[in-house]
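Please open the model in a viewer and keep the selection tool at hand. The tour below goes from stop to stop, saying what to select and what is there.

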Amino acid sequence: MLAPEHRGHGADALTALTDLAFGELPLHRVEAVTHTDNAASLATLKKAGFTQEGVRRSSCLHRGRRHDNALLALLRTEWEAQTRPRAWDHV
């Protein structure tokens, strides 16, 4: 969750995170969970190559209201197939 003044940096943070997870660490899979009505997060994750695998219905209580959560994942092989520059290319 990002404060309003820091929103818009999520894609860069997600790129850095997945590059760390797959480029430096021996991870096979990275998962993300977000409310199904969070269009911005869903779009950012899908643009980064994440695939929505399912919905956990009524799985989150936030501010007195129940929300469905979407489960998305990115596999190492999917990350390796991406042709975008890696986070360390910008350093």
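A salt bridge here is a side-chain nitrogen of Lys or Arg within 4 Å of a carboxyl oxygen of Asp or Glu. The structure is a predicted model, and it holds four such salt bridges.

**Stop 1: Arg29 and its partners**

Select Arg29 and Glu31 and show their side chains. The two meet in a salt bridge, with 2.9 Å from N to O. Arg29 is partly exposed, as its relative accessible area is 32%, and Glu31, at 49%, is partly exposed too.

Now add Glu53 to the selection. Its side chain meets that of Arg29 in a salt bridge with an N to O distance of 2.5 Å. Glu53 belongs to strand S2 (residues 51–62) and Arg29 to strand S1 (residues 29–35), so this pair ties together parts that are 24 residues apart in sequence. Glu53 is partly exposed, with a relative accessible area of 45%.

**Stop 2: helix H3**

Move to helix H3, residues 76–81, and select Arg76 and Glu80. The two form a salt bridge whose closest N and O atoms are 4.0 Å apart. Both residues lie in this helix, four residues apart, which is about one turn of the helix. Glu80 is partly exposed, at 47% relative accessible area. Before leaving the salt bridges, select Arg29, Glu31 and Glu53 together: salt bridges that share partners join these three into one network.

**Stop 3: a residue in helix H1**

Select Asp19 in helix H1, which covers residues 10–23. Is Asp19 buried or exposed? Its relative accessibility is 0%, so Asp19 counts as buried, the cut-off for buried being under 20%.

To see what surrounds Asp19, show its contacts, leaving aside neighbours within four places in sequence. Those contacts are Glu24, Trp79, Arg84, Pro85, Arg86, Ala87 and Trp88.

**Stop 4: two backbone angles**

Most residues other than glycine have a negative phi. The next two selections have a positive one.

Select Ser58, which is found in strand S2. Ser58 is not a glycine, yet its phi is positive, at about 50°. With a relative accessible area of 38%, Ser58 is partly exposed.

Then select Arg63, in the loop between S2 and strand S3 (65–75). Phi of Arg63 is near 55°, again a positive value in a residue other than glycine. Arg63 is exposed, its relative accessible area being 80%.

**Stop 5: the second largest pocket**

Rolling a probe the size of a water molecule over the atoms shows where empty space is left. For the last stop, turn on the surface display and look for the second largest pocket, with a volume of about 200 Å³.

Which residues line the second largest pocket? Select Ala11, Thr15, Thr18, Ala43, Thr44, Lys47, Ala48, Gln82 and Arg84 to bring up its lining. Two helices, H1 and H2 (39–47), each supply at least two residues of this lining. Coloured by class, the lining shows three nonpolar, four polar and two charged residues. Arg84, one of the lining residues, is also among the contacts of Asp19 from the third stop.

Technical notes
Residues are numbered from 1 along each chain as its sequence is written. This is a predicted model: local features need pLDDT of at least 70, side-chain atom pairs count only at pLDDT 80 or more; totals for chains, interfaces and linings use all residues. Side-chain values use heavy atoms; hydrogens and water are left out. Buried means under 20% relative accessible area, exposed over 50%, partly exposed in between (1.4 Å probe, protein chains only). Contact means heavy atoms within 4.5 Å. On a 1 Å grid over the protein atoms alone, a cavity is a set of points where a 1.4 Å probe fits but cannot get out, and a pocket is an open set with protein on both sides within 12 Å along at least five of seven lines; lining residues have an atom within 4 Å of a point. Grid points are joined across faces, edges and corners, and a volume is the space filled by probe spheres set on the points. Ala, Val, Leu, Ile, Met, Phe, Trp, Tyr, Cys and Pro count as nonpolar, Asp, Glu, Lys and Arg as charged, and the others, Gly among them, as polar.
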